[in-house]
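Here are a few notes to read with the model open beside you. Shout if anything looks odd on your screen.

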Amino acid sequence: MFNRNRYLRQLAAVTSITLVAACGTLTKGSPAEEGPIVVGTTSAPSTLDPAGSWDGSWELFRNIYQTLLSYPTGSVAPRPDAARKCGFTDETNSVYRCELRPDLTFSDGHPLDASAVKYSIDRIRKIGVRGGPVGLLGSLDRVQAVGTRDVVFHLNKADATFPLVLATPAMSIVDPAHYPADALREDDKAFGSGPYRLGSYTQDKKAELVKNNRYEGFAERRNDAVTIRYFQDSAQLVGALRDKKIDVTYRGLAASDVVALQAQGARKNIQLIDGTGTEISYLVFNPRDPWAGKIAVRHAIAQIVDRTAIAHRVYRDTVDPLYSMVPAGLAGHTTGYFDTYGSPSPARARKILHDAGIDRRVPLTLWYTTDRYGSETGPEFSELKRQLDGSGLFSVTLRSRPWKTYEAGYRSGEYPVFGRGWFPDFPDAENFIAPFVGERNALGTPYPSPRITDDLLPRSRGVRDRGAVARQFEEAQQILVEDARLLPLWQGRQYVAANEEISGAERTLDPSTIMMMWELERKTSW
């Protein structure tokens, strides 16, 4: 079954599942006449301010804000967007300079110049949201605006990944006239220079994007407007697609829906596009918790968890078991957890606990979010509870919250063990290690690891050839295995489903699997 599903996914990626209308040849239609393309997702933004988000809010940011560098369709390396050109000016990878395109403006007509870029980056650091994008700027010393079109980034250490950081939506350029230097905007407005401007926004309901006529960048828009609708679960999402209330689905398809669409898509007049994915799911252990803080408890859990059962029983083989925080397909990937623990074994887990003087059932509360990572999250945690309780070594309680309050809870250190998903900021092994370690990280839970933060990562950042630093990443992953503060569970794929009138869906995902809405277009018959 696993191999068959993989074959079907590969087939879908090459051919999609499309149905040509019997009334005639499908051709490109007029977006203005047909109305906005409607995209459905279960991943609603947590904020509209780029300085406050290191999460799925980036999907919206990519389309309404601009960054100095970004990923044109088909590119796996960042290329200039708001910038005309960028590059390191020294041999030590510590001074990076960008020259802006001439005469850039924000959607409201205000000039986008070097001072606006400096302002945008500086406010991220000044506001310093815990667990926010400031964690990406650890190597930045200062930003310098030189004239109106040149921006120079002075780094405090060599960092060959800095261009990848600049290409993330976290580094979106905002209009200084509308964004305070020392506080987040907390309303429903956004002011950027991206391919679209935000026409209107209703929290957790919808975002209406309309063409930004002042945009200057690489994106070639194939539509004039996109409406993004936010759903609570996969059933609502797929139901809306089948009822043609939305045109495209993105993030949030349940495994059962993916399997059904693979088998029945053509008959349902729906196409399914399967993109290579680097999404991962993992558990985080709070070291301040009296039980999760014990390394023997974490090692015992690592010895019990059956990733294959999770992938098969819960996700219908639409995800793959993951034994390292760095997913397969990236240089430096290992199978550290499998190499250390082998197959799941309650007997070995019992010995681990016994040797640490723990001979009673360990009470543990596992937290998950109800509306962020898809409809299988609840069943996934039920399966984890079944495995841990079934070992006779743990007594697990499950708790959950919607994302907005869930995020605040883990950032404040409230949860003993909690689930997180991760879509990469950029396609490099660094981005599956660096965000989770150090005093200020994406999890809001300090994780000091001097060997990683002070040695391995700095050495790897001095090398522009990212394939040549696999050894440093392999050692870092082994440290993560030994600490067991982070427990990888699975690696996913990215699926986009669209009705038959939509084309371009196969072009929409950038290397970080963020959807570029401008690639979507509507076809019509004649």
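The points below cover one sheet, a helix lying across it, and one glycine.

1. Ground rules. This is a predicted model, where local features need pLDDT of at least 70 and side-chain atom pairs count only at pLDDT 80 or more, while totals for chains, interfaces and linings use all residues. Residues are numbered from 1 along each chain as its sequence is written, and side-chain values use heavy atoms, with hydrogens and water left out.

2. The sheet. Four strands form an open sheet in the order S5-S6-S8-S7, paired antiparallel (strands are DSSP runs of E, at least two residues, and helices are runs of H or I, at least four, numbered from the N terminus; two strands pair if DSSP finds at least two bridges between them). S5 (83-88) and S7 (140-146) each have a single partner strand, so one side of each has no neighbour in the sheet.

3. The inner pair. S6 (residues 95-100) and S8 (residues 150-155) run antiparallel to each other over 5 bridges. Within this pairing, Arg97 sits opposite Val152 in S8.

4. The helix. H4 (residues 114-127) lies across S6, S7 and S8, at about 160° to S7 (axes are lines fitted to C-alpha atoms, for helices over the stretch in contact, with angles from 0 to 180 degrees between N-to-C directions).

5. The glycine. Gly192 is in the loop between H5 (162-166) and S9 (196-202). Is Gly192 buried or exposed? Its relative accessible area is 5%, so Gly192 is buried (under 20%; exposed is over 50%, partly exposed in between, with a 1.4 Å probe and protein chains only). Leaving aside neighbours within four places in sequence, Gly192 is in contact with Ile64, Tyr65, Phe106, Ser107 and Ile173 (heavy atoms within 4.5 Å).
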